[in-house]
Amino acid sequence: MKPPISSRAALILVDVQPDFMPGGALACHEGDTIVPGIDQLLKRDIFRHVVATQDWHPPGHVSFATSHPGREPFDRIPLYGHAQTLWPPHCVQHTPGAELHPSIDWSHLDTVIRKGDDPRVDSYSGFRENHGPHGKRPSTPLHGWLREQGVDEVYLCGLARDVCVLWTAQDAVELGYRTHVLWDLTRPVSPDTDLSTRVRFDNMGVGVVDSSELA
Ligand code: VGL
Ligand code: ZN
């Protein structure tokens, strides 16, 4: 028998948005293939708490290659003393590519955490912005919301496995959550990162499981 999911566990759906799917502005490899599985998982209604993050950038965001004349997407530039990857413009606020994916029934969702809306700072993790001009990484409301609900364990899925899911998992572990990744319901920007991402999850103590293993 599979153990039931704790009522203190939350499902976090990371950036399940059309711009991260084939045909979108910043497509993940096979990104669309996770959509039916996520919809089915939500329909099973096995999580007491369900949160989505939404990448939500203003036009001209600092992470867009187009904001840096002479630069190309996927170039890396120094920013606040750290390397910033430049991306094609994506998930621009109020555009169709930034919506929570329209093929998913989101009625089970408790809250949405928007991130990346500061024009000067990128935000991969659902918990905290990337490095910014103030030295520390400002928090999103996610940790406070989870604590209010009494959550101590998180299951992550969504996009991208090698970027926002990875950074969210890293912060979740650091903040003390028992953390799992639903590997089959994530896809990467770059599939050649899969092995190193898997090793990083293992080394962080993140449980890597398939959605089929959930009771
Ligand atoms: C993401 C790159 C830039 C993600 C968001 O959701 O993984 N990746 N913005
Ligand atoms: Zn982004």
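Visitor: Which residues on the other side of α4 are called exposed?

Guide: In this predicted model, Leu195 and Asn203 are the exposed ones on that side of α4. The word exposed calls for over 50% relative accessible area, so both residues pass that mark.

Visitor: What makes Thr197, Phe201 and Met204 buried?

Guide: Buried means under 20% relative accessible area. These three residues of helix α4, which runs over residues 194-204, are classed as buried, so each falls under that limit. Their cover includes α3 (164-174), β7 (178-187) and β8 (207-209).

Visitor: How do you know that the buried residues of α4 line one face of the helix?

Guide: Look down the axis of α4: the buried residues fall within an arc of 70°, so they line one face. After α4 comes Gly205, with a positive phi near 85°.

Visitor: Why is Phe201 counted in a nonpolar core?

Guide: Such a core joins buried nonpolar residues, Phe among the types allowed, through side-chain atoms within 4.5 Å. Phe201 is a member of the largest core, which has 60 residues, and is one of those that touch the most other members. Strand β1 (residues 9-14) gives the most to this core, with 6 residues.

Visitor: Why is the space of about 110 Å³ called a cavity?

Guide: A cavity is where a 1.4 Å probe fits but cannot get out. The space of about 110 Å³ is in the largest cavity, so a probe placed there is shut in. Of its 14 lining residues, those closest to the centre are Phe20, Leu26, His90, Val163 and Cys164. The lining has 9 nonpolar, 2 polar and 3 charged residues.

Definitions and conventions
Residues are numbered from 1 along each chain as its sequence is written. Chains are lettered from A and ligands numbered from 1 in the order in which they are written. This is a predicted model: local features need pLDDT of at least 70, side-chain atom pairs count only at pLDDT 80 or more; totals for chains, interfaces and linings use all residues. Side-chain values use heavy atoms; hydrogens and water are left out. On a 1 Å grid over the protein atoms alone, a cavity is a set of points where a 1.4 Å probe fits but cannot get out, and a pocket is an open set with protein on both sides within 12 Å along at least five of seven lines; lining residues have an atom within 4 Å of a point. Grid points are joined across faces, edges and corners, and a volume is the space filled by probe spheres set on the points. Ala, Val, Leu, Ile, Met, Phe, Trp, Tyr, Cys and Pro count as nonpolar, Asp, Glu, Lys and Arg as charged, and the others, Gly among them, as polar. Buried means under 20% relative accessible area, exposed over 50%, partly exposed in between (1.4 Å probe, protein chains only). Helices (H or I, at least four residues) and strands (E, at least two) are DSSP runs, numbered from the N terminus. The arc is that of the directions from the helix axis to the C-beta atoms. Contact means heavy atoms within 4.5 Å.
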